[in-house]
Amino acid sequence: MATYTIRQYGDPVLKQRTKDVEEIDGTVATLVDGMIETMYEAPGTGLAANQVGVQRRVFVYDVGDGPRAVINPRIVESAGEWTYEEGCLSVPGLSWQIARPNQVHLVGYDLDGNEISVEADELEGRVFQHELDHLDGILLVERLDEDQRAQAVRILRSRAVDLAPRDPDGLFAL
Ligand code: ZN
């Protein structure tokens, strides 16, 4: 199974909203296999399809229970607040304390076309929100407060394009 190149900050594909998958077929299964492989190789906890250049609403994740894929995901409810150090495979080597809702209710479809309904909090809830943001064309730098954002922009501007897509500490990255 071939892995994909993870698109990096600055790539316009990361800023575009993805489209629903119309038919869950072999093409989607192949995409998911490649995304899971790519996520593990990175290594990361989650990966959205547009991070590998595919403009469809699909993400994969593994929070310790094995790999899962969600097709056409939607968050239908969220509650609480949780601040957590969050990184992104498309913005490698950087992370910030970001506050988001803690509990989320995610719905979507699995690869067999069955409906999925998952209520998650903490790490899993965070992964869902981060990947949904990707699929809506939103990067985590857009979730930063003003100070964090100014610092992020400085760092990202000073960086070379050919970054190693890996965080040295194996930090939580999505
Ligand atoms: Zn990410």
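Is Arg 17 buried or exposed? At 55% relative accessibility, Arg 17 counts as exposed, where exposed stands for over 50% relative accessible area, buried for under 20% and partly exposed for the range in between (1.4 Å probe, protein chains only). The model is predicted, so that local features need pLDDT of at least 70 and side-chain atom pairs count only at pLDDT 80 or more, whereas totals for chains, interfaces and linings use all residues. Residues are numbered from 1 along each chain as its sequence is written, and side-chain values use heavy atoms, with hydrogens and water left out.

**Salt bridges**

Side chains of opposite charge can pair when their charged atoms come close. The structure holds 7 salt bridges, a salt bridge being a side-chain nitrogen of Lys or Arg within 4 Å of a carboxyl oxygen of Asp or Glu. Three of these pairs, including their N to O distances, are listed here.

| Acidic residue | Basic residue | Closest N and O atoms |
|---|---|---|
| Asp 136 | Arg 17 | 2.6 Å |
| Asp 136 | Arg 57 | 3.0 Å |
| Asp 133 | Arg 100 | 2.9 Å |

Asp 136 forms a salt bridge with Arg 17, and this pair links distant parts of the chain, with Asp 136 in the loop between H2 and helix H3 (146-158) and Arg 17 in the segment before H1, 119 residues apart. Helices (H or I, at least four residues) and strands (E, at least two) are DSSP runs numbered from the N terminus. Asp 136 itself, at 28% relative accessibility, counts as partly exposed.

Arg 57 also forms a salt bridge with Asp 136; because Arg 57 lies in the loop between strand E1 (46-48) and E2 while Asp 136 lies in the loop between H2 and H3, the pair ties together parts that are 79 residues apart in sequence. Arg 57 has 6% relative accessibility and therefore counts as buried.

The side chains of Asp 133 and Arg 100 meet in a further salt bridge, and since Asp 133 belongs to helix H2 and Arg 100 to strand E5 (residues 91-100), parts of the chain that are 33 residues apart in sequence are tied together. Both Asp 133 and Arg 100 are buried. Through salt bridges that share partners, Glu 86, Arg 100, Arg 126, Asp 133 and Arg 143 are joined into one network.

**Aromatic pairs**

A search of the whole structure finds 4 aromatic pairs; rings of Phe, Tyr and Trp (its six-membered ring) pair if their centres lie within 6.5 Å, and planes under 30 degrees apart count as stacked, over 60 as edge-to-face and the rest as tilted. One of them is tilted, because the rings of Phe 59 and Phe 128 have their centres 5.9 Å apart and their planes at 55 degrees. Phe 59 lies in strand E2 (residues 58-61) and Phe 128 in helix H2 (residues 122-135), so that this pair links distant parts of the chain, 69 residues apart. Both phenylalanines, Phe 59 and Phe 128, are buried. The rings of Tyr 61 and Phe 128, with centres 5.1 Å apart and planes at 90 degrees, form an edge-to-face pair. Phe 59, Tyr 61 and Phe 128 form one aromatic cluster.
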